[in-house]
Structures are given as structure tokens and as C-alpha cells.
Amino acid sequence: MMKLTENFDLDEFECKDGSKIPVDVYYRLNKLAMNLQVLRDYVGKSITINSGYRSPSWNLKIGGAVNSQHMLGNAADIVVDGLTPRQVFDVIEMLQNRGEMTIGGLHAYNSFVHYDIRGHSARW
């Protein structure tokens, strides 16, 4: 088990199909984990990673976007204990506006939030 931050381990971001994480993806996953640690520290609640890195074949199998940030190691679909997806969205957006989290893609689905560190704002 490789620790990325105080509260996140690399295995939480691994692809669900068991494929190895490419070497060039590690850096981005580390940056993503550091951003999620900022969120974790702010809300003081545990965060579950539903989906982190996705291999291209797994992304295709589950119907992910053709250019999914998950395949780059830039994205995570998360659930924050005790908060609704909309509340999580609002906190991340506030932390982005304060410059404490990297600007990127953000969307509140019914049961989770997608957050990515693509470097520019994207909402859908």
C-alpha cells in the first residue's frame, strides 16, 4: 500500500479491472490526492473514491467519456460522508475560488461528485 497523502492511498485510485497504473499517471494521481486531501481537511469527513484511474478498456466498458480525465489520472468520482453531492460540489467550488484546490471539471451527480484537475473550469 502506497500512501499518497495523510488520508489517501494509491490503491483507492486503482482501476476496477485490476490493470496496472501507467508510470506517467502516478504524478497526476498524487496531485489529485493532494487536492482531495485539502477537501478532506476542510470538511473533516471521510471521502470514498468510487472511481479513480480508469484504463482505456475499462473506461470503454463502463461507457465513460471518450476523453475521460479518469484515463489520465486526473479525475475521481467521490462521496463525502454525511454530505450531499450538491454540498460537496459547493465546497469544492468555494475551495477552487479561494485557490486552495486546482481548477477543473466538477459535476454533482445524484449519488456522487466528479472532480478533476484538468486545469480549466468545466461544468456540465
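Visitor: Which residues does Leu-95 touch, not counting those up to four places away in sequence?
Guide: Heads up, this is a predicted model: local features need pLDDT of at least 70, side-chain atom pairs count only at pLDDT 80 or more, and totals for chains, interfaces and linings use all residues. Residues are numbered from 1 along each chain as its sequence is written, and side-chain values use heavy atoms, with hydrogens and water left out. Leu-95 lies in helix H3 (helices are DSSP runs of H or I with at least four residues, strands are runs of E with at least two, and both are numbered from the N terminus). Taking contact as heavy atoms within 4.5 Å, and skipping residues up to four places away in sequence, Leu-95 touches Val-38, Leu-39, Tyr-42, Glu-100 and Met-101.

Visitor: Does Leu-95 count as buried or exposed?
Guide: Here are the cut-offs: buried is under 20% relative accessible area, exposed is over 50%, and partly exposed is in between, using a 1.4 Å probe and protein chains only. Leu-95 has a relative accessibility of 0%, so Leu-95 counts as buried.

Visitor: How far apart are the C-alpha atoms of Leu-95 and Pro-22?
Guide: Along the chain, Leu-95 and Pro-22 are 73 residues apart. In space, their C-alpha atoms are separated by 29 Å.

Visitor: Now for helix H1. What length does H1 reach from its first C-alpha to its last?
Guide: H1 covers residues 23-43, which makes 21 residues. The expected span is 1.5 Å times one less than the number of residues, and for H1 that is 30 Å. Close to that, H1 reaches 31 Å.

Visitor: Which elements are included in what covers the buried residues of H1?
Guide: H1 has quite a list of buried residues, among them Val-25, Leu-29, Leu-36 and Val-43. Their cover includes three strands and a helix: S1 (47-51), S2 (75-80), S4 (113-116) and H3 (85-97).

Visitor: Which element gives the largest share of the largest nonpolar core?
Guide: A nonpolar core is a set of buried Ala, Val, Leu, Ile, Met, Phe, Trp, Tyr and Cys residues joined through side-chain atoms within 4.5 Å. The largest one here has 29 residues, and Phe-13, Leu-36, Leu-39, Ile-78 and Ile-92 have the most contacts inside it. H1, S1, S2, H3 and S4 each give two or more residues to this core. The largest share, 7 residues, comes from H1.

Visitor: Which residues of the chain does Val-43 contact, leaving aside neighbours within four places in sequence?
Guide: Val-43 sits in helix H1, and its relative accessible area is 19%, so Val-43 is buried. Its C-alpha is 9.5 Å from that of Asp-81, although the two are 38 residues apart along the chain. With neighbours within four places left aside, Val-43 is in contact with Val-80, Leu-83 and Val-91.

Visitor: What comes after H1, and what is its phi near?
Guide: H1 is followed by Gly-44. The phi of Gly-44 is positive, near 65°.

Visitor: How far apart in space are Lys-45 and Val-80, C-alpha to C-alpha?
Guide: Lys-45 is in the loop between H1 and S1, and at 31% relative accessibility it counts as partly exposed. Lys-45 is in contact with Arg-40, Val-80, Asp-81 and Leu-83, leaving aside neighbours within four places in sequence. Lys-45 and Val-80 are 35 residues apart in sequence, but their C-alpha distance is 6.6 Å.

Visitor: How far apart are the closest N and O atoms of Arg-86 and Asp-90?
Guide: A salt bridge is a side-chain nitrogen of Lys or Arg within 4 Å of a carboxyl oxygen of Asp or Glu, and the structure holds 7 of them. Arg-86 and Asp-90 are both in helix H3, 4 residues apart, about one turn of the helix. An α-helix has 3.6 residues a turn, so residues three or four places apart point the same way. Arg-86 and Asp-90 form a salt bridge whose closest N and O atoms are 3.0 Å apart.

Visitor: In the salt bridge of Arg-118 and Asp-116, which partner counts as buried?
Guide: The side chains of Arg-118 and Asp-116 meet at 2.8 Å, N to O. Arg-118 counts as partly exposed, because its relative accessibility is 28%. The buried partner, at 0%, is Asp-116.
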